[in-house]
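Subject: Handover of a structure and notes on its contents

Dear colleague,

Please find below the sequence and structure that I am handing over to you. My notes on what was found follow directly after.

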Amino acid sequence: MDPKKEMYAKRGAQLVKNLQKRHFEAYYCDDRSAALEKALELIPDGVTIGWGGAMSAQQIGLMEALKERNVTLLDRDKAASQQERAGLMKQCLTADVFLTGANALSLDGQMVNIDGNGNRVAAIVYGPDSVIVVAGMNKVCDTLEGAVQRARTLAAPANSQRFEIATPCKQTGSCHDCLSPDCICNQLLITRHCRPAGRIKFILVGEELGL
Ligand code: SF4
């Protein structure tokens, strides 16, 4: 086996156990096709599905595959106006299933996410009955401090490159702990435990996904 894959599999096994201790559901998948199969298994027919910050779920082909299923997709990118887009973002907060990613995870089973608008972290905290997190093993840090550091100094400056914003990180590629009106780091969420048990489900993928 590829040495990195082997390392991911070993760390993935530890992380699954640690997430389960915190009452998350957790699965380790060797690659994106196994991850796609697992995600589809976790989503029943007839549900409404929203998402936010879900680049890894896109990368495993989940949104494409869901178009073939008997589900309702709350796709804000299909909105005809800003008003419709804002409405869809609010509907995602009460979707049956919310798909998202992680900016970072710690090996002891905690998730770190940073949000600009807050819609993603809001849905992780409360609302959808089921939250499915797809995360590549490149997101896993040894400690919670390391995970916060990853989210703030790597994921956020990388994310800022996707937007037309006037933040220092957009210019330099590094976080300057800014207070810019355009700042995308407005909420910092640590998800350390799951109640009700199993509401948040992790699909960890032995590949590099997302930012
Ligand atoms: S410079 Fe501002 S927007 Fe950019 S990563 Fe740092 S806090 Fe976030």
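I begin with helix H2, where Ser 33 and Glu 41 are exposed on the side away from the buried residues. Please bear in mind throughout that this is a predicted model.

The buried residues of H2, which spans residues 32–42, are Arg 32, Ala 35, Leu 36 and Ala 39. Viewed down the helix axis, these buried residues fall within an arc of 100 degrees, so they line one face of H2. Among the elements that cover them are the strands E1 (25–29), E7 (130–136) and E10 (200–205). The helices H3 (55–59) and H4 (62–66) also contribute to this cover.

Those three strands belong to an open sheet of 6 strands, with parallel pairing and the order E1-E10-E7-E4-E2-E3. E1 and E3 (72–73) stand at its edges with a single partner strand each, so one side of each has no neighbour in the sheet.

Within this sheet, the pairings are as follows:

- E1 and E10 are parallel and share 5 bridges; Tyr 28 has Leu 204 of E10 as its bridge partner.
- E7 and E10 also run parallel, joined by 6 bridges; here Ile 132 stands opposite Lys 201 in E10.
- E2 (residues 48–51) is joined to E3 by 2 bridges, again in the parallel sense; the bridge partner of Thr 48 in E3 is Thr 72.

How many residues of E10 are buried? The count is 6 of the 6, so E10 is largely enclosed by the rest of the structure. In a regular strand, side chains alternate between the two faces of the sheet. In E10 both faces are covered, with Ile 200, Phe 202 and Leu 204 buried on one side. Lys 201, Ile 203 and Val 205 are buried on the other.

Several of these residues recur in the largest nonpolar core, which has 56 residues. Those that touch the most other members are Leu 99, Val 133, Val 134, Ile 203, Leu 204 and Val 205. As general background, nonpolar side chains in soluble globular proteins tend to be buried together. Leaving aside residues up to four places away in sequence, Val 133 touches Ile 200, Lys 201, Phe 202 and Ile 203, as well as Thr 100, Gly 101, Ala 102 and Met 111.

There is also an open sheet of 4 strands, in the order E8-E5-E6-E9 and with mixed pairing. Its edge strands are E8 (140–141) and E9 (187–191), each of which pairs on one side only. E5 (residues 104–106) and E6 (residues 110–115) are antiparallel and share 3 bridges, and Ala 104 stands opposite Val 112 in E6.

Finally, I turn to the ligand. Which residues lie closest to the ligand? They are Ala 156, Cys 169, Cys 175, Cys 178 and Cys 185, out of 14 residues that surround the ligand. The elements giving two or more residues to this shell are helix H7 (144–160) and helix H8 (168–172). H7 provides the largest share, with 3 residues. By class, the shell around the ligand contains 9 nonpolar residues, 4 polar residues and 1 charged residue.

With kind regards

Technical notes
Residues numbered from 1 in each chain as written. Predicted model: local features only at pLDDT ≥ 70, side-chain atom pairs only at ≥ 80, totals over all residues. Near = placed C-beta within 6 Å. Nonpolar A, V, L, I, M, F, W, Y, C, P; charged D, E, K, R; others polar. Buried ≥ 20, exposed ≤ 12 C-beta atoms within 10 Å, placed from the backbone. Arc of directions from axis to C-beta. Contact = placed C-beta atoms within 7 Å. Core = buried A, V, L, I, M, F, W, Y, C linked by C-beta atoms within 7 Å. Pairing = 2+ DSSP bridges.
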